[in-house]
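User: Please take a close look at one part of this model and describe it in a connected account. I should like to see how the backbone and its surroundings are arranged there.

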Amino acid sequence: MAKILIVEDEEPILNLIRMNLVKAGYQCGISMDGEEAADRIQEEDFDLILLDIMLPKLDGYEVLEYAKSQEIPVIFLTAMGDTAQKVRGLKMGAEDYISKPFDIAELLARVETVLRRCRKLDQSLRIGAIELRPESRTVLKNGAPVELTPKEYDLLYLFMRNRNRALYRETIYEHVWGGEYPGTGRTVDLHVQRLKKKLGLEKEIVAIYKVGYRLVG
């Protein structure tokens, strides 16, 4: 799995990002100032850097130059609404940016997108006998193809990229159906039930009372 360097001088944000990336299966290194980050970039191999702009010792733009020298993709962490920072970072070579405060699901999605675009992400995801191959949007069970609808595939993909994490129905709906959760109806629940039955994941996909679901494994 990919190794990610988190460069952030606000410890609560740093710990939140690290905790969720580790849960998602990534290896993580951390730095709380730009100088240390630059040293680690020179000494270690990373597949991606999550980089705050306002840092002690060296700012994010200076650290970006070190990352570019090692051909490591960068996602900038920027202040909400600071368009100038975002534009400057993208022009300097950052792959993407995310504004603080951010939704963890969005952060993970952007991380995955950049890693795949830069071909630094393991292509297949597995849980038990189930294998999901993002490049071809195919799912195998014990090596045999399983026919899923597009929404069922997207639902499984979301679960597998957020393994062992509680997902709210609102989050599931927004990421799979691409709109604001209506708050009523059983669209999410019915699709989850069909997915569990097709793949034999009755024990792995667990309902969380008044919250949503979690893929355990």
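Analyst: With a relative accessible area of 38%, Asn 164 is partly exposed, because this category covers values between the limits of under 20% for buried and over 50% for exposed residues. The model is a predicted one. Asn 164 belongs to the loop that links α6 to β10 (167–168). Its phi is positive, at about 70°, although the residue is not a glycine.

The helix on one side of this loop, α6, spans residues 150–161, and its axis comes within 10 Å of the axis of α8 (residues 187–199). The two axes cross at roughly 85°, which means that α6 is roughly perpendicular to α8. From α6, the residues in this contact are Lys 151, Glu 152, Leu 155, Leu 156 and Phe 159. Their counterparts in α8 are His 191, Val 192, Arg 194, Leu 195, Lys 198 and Leu 199. By class, the contact between α6 and α8 comprises 6 nonpolar, 4 charged and 1 polar residues.

Two further backbone features may be set beside Asn 164. Lys 210, in the loop between β11 (205–208) and β12 (212–215), also has a positive phi, of about 65°, without being a glycine. Lys 210 is exposed, with a relative accessible area of 68%, whereas Asn 164 is partly exposed. A cis peptide bond, with omega of about -5°, joins Lys 100 to Pro 101. Pro 101 is situated in the loop between β5 (96–100) and α5 (104–117).

Key. Residues numbered from 1 in each chain as written. Predicted model: local features only at pLDDT ≥ 70, side-chain atom pairs only at ≥ 80, totals over all residues. Heavy atoms only, no water. Axes fitted to C-alpha atoms, helices over the stretch in contact; angles between N-to-C directions. Helix = DSSP H or I, 4+ residues; strand = E, 2+ residues; numbered from the N terminus. Parallel < 35°, antiparallel > 145°, perpendicular 65-115°, else oblique. Contact = heavy atoms within 4.5 Å. Nonpolar A, V, L, I, M, F, W, Y, C, P; charged D, E, K, R; others polar. Buried < 20%, exposed > 50% of the residue type's maximum accessible area, 1.4 Å probe, protein only.
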